[in-house]
Amino acid sequence: MLVAVLPGDGIGPEVTAEAVRVLKAICGDTLIFEEAPVGGAAYKVAGHPLPPETLDVAKRADAILFGAVGDPDCDRLERALRPEQAILGLRKELGLFANLRPAKLFPELVDASALRPEVARAIDLVIVRELTGDVYFGTPRGIRITEAGLREGYDTMRYDEAEVARIAKVGFETARARRGKLCSIDKANVLETSQLWRDVVIETAAAYPDVELSHMYVDNAAMQLVRNPGQFDVIVTGNLFGDILSDQASMCVGSIGMLPSASLDSAGKGLYEPIHGSAPDIAGQGKANPLATILSAAMMLRYSLRRPAEADRIEAAVAKALAAGARSPDLGGAMTTRGMGEAVLTEL
Ligand code: NAD
Ligand code: IPM
Ligand code: MN
């Protein structure tokens, strides 16, 4: 099996290195790794955040391990050349429309959660985020001059019914394999896109009578995630709302450095990355928590490489490392990125 490793920028290379060490320890020679530059790092060596060679490795690979992209030096480049275009381009080019972002409290981390212990302990949810549509990709978009001579920025929020139906199905299937509850999150009280979203989710529900469907407005959902996150089993939502709610969910389970993700196409190919970004404020200092990326590697074994037993072993090793006291600064400790990786390897 070929794994494309795209470390990217900032803490991306630091956290990816630990996940690769874990994968090598558990899979030995059965995995081949091919590394390629992406994001600002690729712009600096090849003049483009997603060079053709990098896209080619990603397409050939059985699965992709991705770090993070984003570099303050690149924030004033024209948008097409900015690092973030690399991850957006990979998602779009590879058809990775289904983004699974599980948030579960490791009991050892109850003190790291921003929530009271009894509230935090109940968290075991999956956010199913649509990843190739919405206001992220809708056109027209731009900045123009109005008739009054003012600069005006505009974007287009857009979903067609096929896009909504296919992510709704992923939501229902995910719920069916868990506790059987699906909450669709939208802003149907204001947005036409959300009205269509809600209508199509309800139509899709007809094929899943065993799943209990509910709907919630996104503003209320942000509040409920803090008030009573234990009420959620599976959440299905659009690209933008899913982006925001998953960062929020991460803090409910202790840190943004804990949340992994899988971005899947319709055939099981996947890109695996932590939900966090390149964290320029701590890059190069050994302070980044690599567990989100290590847990993303576990998701890769489960969803793309069909090795669920090895995925379970990694997740168990992370839990044991935490139980043994492994804590990076974001979790209230002083362990380095490498130290956290070592702690997981020790348990493996
Ligand atoms: P960020 O997630 O990079 O960082 C937010 C905060 O969380 C920072 O204080 C950071 O130090 C901390 N943090 C993040 N990951 C951590 C980890 N593993 N361990 C410990 N602390 C961690 O978000 P941001 O600051 O808004 O964005 C920085 C850059 O990353 C931007 O260029 C943004 O576009 C990019 N970004 C990329 C991705 C991606 O590649 N998929 C995701 C999010 C943000
Ligand atoms: C994420 C990030 C990306 C997104 C950015 C970097 C394009 O925030 O993966 O969560 O908004 O999807
Ligand atoms: Mn995000």
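**Stop 1: ligand 2.** Begin by selecting ligand 2 and the residues around it, which are Glu84, Ile87, Leu88, Asp243, Ile275 and Gly277. The model on the screen is a predicted one. Sorted by class, this shell holds three nonpolar residues, one polar residue and two charged residues. Colour helix 4 next: with three residues, helix 4 contributes the most to the shell around ligand 2.

**Stop 2: ligand 1.** Now move the selection to ligand 1, which is surrounded by 21 residues. The closest of them are Gly70, Gly257, His276, Gly277 and Ala279. Eleven residues of this shell are nonpolar, six are polar and four are charged.

**Stop 3: the annotated binding site.** Which residues does UniProt list under the feature "binding site"? The unreviewed entry places that feature at Arg91, Arg101, Arg129 and Asp219. Select these residues together: they span 129 residues in sequence, and their farthest two C-alpha atoms are 26.5 Å apart, so they do not all gather at one spot.

Two of these positions merit a separate visit. Arginine 91 belongs to helix 4, which covers residues 84-93. Is arginine 91 buried or exposed? It counts as buried, because 20 C-beta neighbours lie inside 10 Å. Setting aside residues up to four places away in sequence, arginine 91 touches Leu96, Leu131, Thr132 and Ser263.

Go next to arginine 129, which is part of strand 5, residues 124-130. Arginine 129 is also buried, since 30 other C-beta atoms lie within 10 Å. Apart from its neighbours within four places in sequence, arginine 129 is in contact with Asn99, Arg101, Thr237, Asn239, Gly242, Asp243 and Ser246. Arg101 in that list is itself one of the residues under the "binding site" feature, and Asp243 is among the residues around ligand 2.

**Stop 4: the two domains.** Zoom out and colour the protein chain by domain. Domain 1 comprises 1-96 + 266-348, and domain 2 comprises 114-252. The distance between their C-alpha centres is 25 Å. Six residues from domain 1 and seven residues from domain 2 make up the contact between them. On the side of domain 1 that touches domain 2, three residues are nonpolar, one is polar and two are charged.

For comparison with the database record, select residues 2-344, where the unreviewed UniProt entry places the feature "domain: Isopropylmalate dehydrogenase-like". This span is 40% helix and 19% strand, and its end C-alpha atoms lie 23 Å apart.

**Stop 5: the nonpolar core.** Which residues touch the most other members of the largest nonpolar core? Among its 104 residues, they are Ile64, Val128, Tyr272 and Ala297. Helix 10, residues 291-303, supplies the most to this core, with nine residues. At least three residues of the core come from each of domain 1 and domain 2.

Centre the view on alanine 297. Not counting residues up to four places away in sequence, alanine 297 touches Ala19, Val22, Leu23, Leu65, Tyr272 and Ile314.

**Stop 6: threonine 293.** Finish with threonine 293, which is located in helix 10. Threonine 293 is buried, because 32 other C-beta atoms lie within 10 Å. Again leaving out residues up to four places away in sequence, threonine 293 touches Val15, Thr16, Glu18, Ala19, Gly67 and Pro274. Ala19 is also touched by alanine 297. As a last step, select alanine 205 together with threonine 293: these two are 88 residues apart along the chain, and 33 Å separates their C-alpha atoms.

Technical notes:
Residues numbered from 1 in each chain as written. Chains lettered and ligands numbered in written order. Predicted model: local features only at pLDDT ≥ 70, side-chain atom pairs only at ≥ 80, totals over all residues. Near = placed C-beta within 6 Å. Nonpolar A, V, L, I, M, F, W, Y, C, P; charged D, E, K, R; others polar. UniProt positions renumbered as here; feature names shortened; annotations may be inferred. Helix = DSSP H or I, 4+ residues; strand = E, 2+ residues; numbered from the N terminus. Buried ≥ 20, exposed ≤ 12 C-beta atoms within 10 Å, placed from the backbone. Contact = placed C-beta atoms within 7 Å. Domains from an automatic or database assignment. Core = buried A, V, L, I, M, F, W, Y, C linked by C-beta atoms within 7 Å.
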